[in-house]
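Visitor: I would like to go through this model with you and ask, for each label, what stands behind it.

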Amino acid sequence: MKPSLLDFTKEELAQKIKPAFRAKQIFGWIYHNYVDSFDEMQNIPKALREELAQNYVINPLKIVKKEISTDGTIKYLFELQDGKTVETVWLKMKDDIYEDGKLVQEAKYTVCVSSQVGCKVGCSFCLTAKGGFTRDLTAGEIVAQVLAVKKDNNHAHNRRVNIVYMGMGEPLDNLDNLTKAIKIFQDEEGLAISGKRQTVSTSGLSSKIDKLGEMDLGVHIAISLHAVDDELRTELIPMNKANNISSIIEAVKRFPIDTRKRVMFEYLVIKDKNDDIASAKKLVKLLSGIKAKVNLIYFNPYPGTDYKRPSREDMVKFQEYLVNHGLLCTIRDSKGIDISAACGQLKEKQLDQA
């Protein structure tokens with residue numbers, strides 16, 4: 001496989017491409033114009049374009065399938081240079097707002113990106129885990145997902161998006177490439193996506209939460225908690241044996257948080273597993289003293305799973321208990337429920353059709 005130019009920061013490109021101002025021009029072509037071919041870089045000398053084409057690719061992935069939901073969610077299946085596939089989701093979070101026929105606020109979007117081909121964590125409720133782990137994504141393969149979906153949706157480079165590292169894989173298990181991608185996104189001469197617009201979702205690798213915190217990149221962190229006692233959490237997330245709830249909570253308390261923000265705790269609600277008021281009571285006690293926000297998530301069933309989606313009534317009761325006891329709590333809208341909603345489902349569908 002040829003390396004991708006997306007693997008490099010602007011400063012690294014300046015070390016590889018001389019004179020340095022050419023690197024800055026190329027960076028602009030990639031991140032402002034979304035070019036996929038060196039031939040499109042009109043102000044770059046032909047000899048340099050040919051040299052770059054011999055040694056590098058720009059975009060290391062291609063769209064092989066996409067599904068569009070009635071709510072505007074788009075799920076992409078991307079093929080990498082080695083033939084492996086990962087999923088990315090384009091989520092419309094807010095609609096355009098008009099007043100007197102004039103657009104006063106543009107629609108808001110979030111891109112849910114993958115960080116690995118497969119995953120090592122092995123969560124029992126996760127379809128991605130069924131396929132095991134293949135490899136980490138490079139920084140460029142992470143960056144390429146956002147570029148590709150922005151281009152596919154005609155979303156200008158200077159229109160900001162939010163990024164959540166919540167797709168296939170455990171982001172903190174690929175810490176070096178993750179943090180490099182975060183820095184590339186932050187570059188003011190690129191997509192200029194600040195840290196406050198990027199959220200790293202982790203199943204709870206305590207020591208790596210500390211390492212990410214020490215880098216102080218300004219990103220938000222979200223903890224995939226899903227249970228309030230170690231017995232159930234180990235059933236759902238086997239790596240809880242090495243990173244139990246107590247160690248995760250302590251790592252969160254050490255993580256540098258903007259004083260205006262909260263730590264997100266994601267709680268996947270599974271019928272008859274963790275949807276009862278007794279669990280809600282334990283959750284309130286567990287998060288005592290933390291500036292937390294709980295995001296309740298409906299389990300999205302997929303073929304072959306034994307877990308079931310909770311009722312709306314039980315979700316609301318759970319939420320009301322948390323709110324009445326001082327926790328900020330939301331119920332995540334199920335985006336893309338009419339398409340391959342569960343992470344890994346589009347990939348499985350593609351394999352079944354092959």
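Guide: What follows takes up the cysteines, then the overall form of the chain.

Guide: This is a predicted model, in which local features need pLDDT of at least 70 and side-chain atom pairs count only at pLDDT 80 or more, while totals for chains, interfaces and linings use all residues. Residues are numbered from 1 along each chain as its sequence is written, and side-chain values use heavy atoms, with hydrogens and water left out.

Visitor: Why is cysteine 123 not bonded to the closest cysteine sulfur?

Guide: A disulfide is a pair of cysteine sulfur atoms within 2.5 Å. The closest cysteine sulfur to that of cysteine 123 belongs to cysteine 126 and lies 6.0 Å away, so the two are too far apart for a bond. By this rule, the count of disulfides is 0.

Visitor: What makes cysteine 112 count as buried?

Guide: Buried means under 20% relative accessible area, exposed over 50%, and partly exposed in between, with a 1.4 Å probe and protein chains only. Cysteine 112 has a relative accessibility of 11%, and therefore counts as buried; cysteine 123 is also buried, at 11%. Across the protein chain, buried residues make up 52% of the 354 residues.

Visitor: Why is the protein chain called as compact as a globular protein of that length?

Guide: The radius of gyration is taken over C-alpha atoms, and the globule rule is 2.2 Å times the number of residues to the power 0.38. For 354 residues the rule gives 20 Å, and the protein chain has 21 Å, which is close to that, so the chain is as compact as a globular protein of that length.
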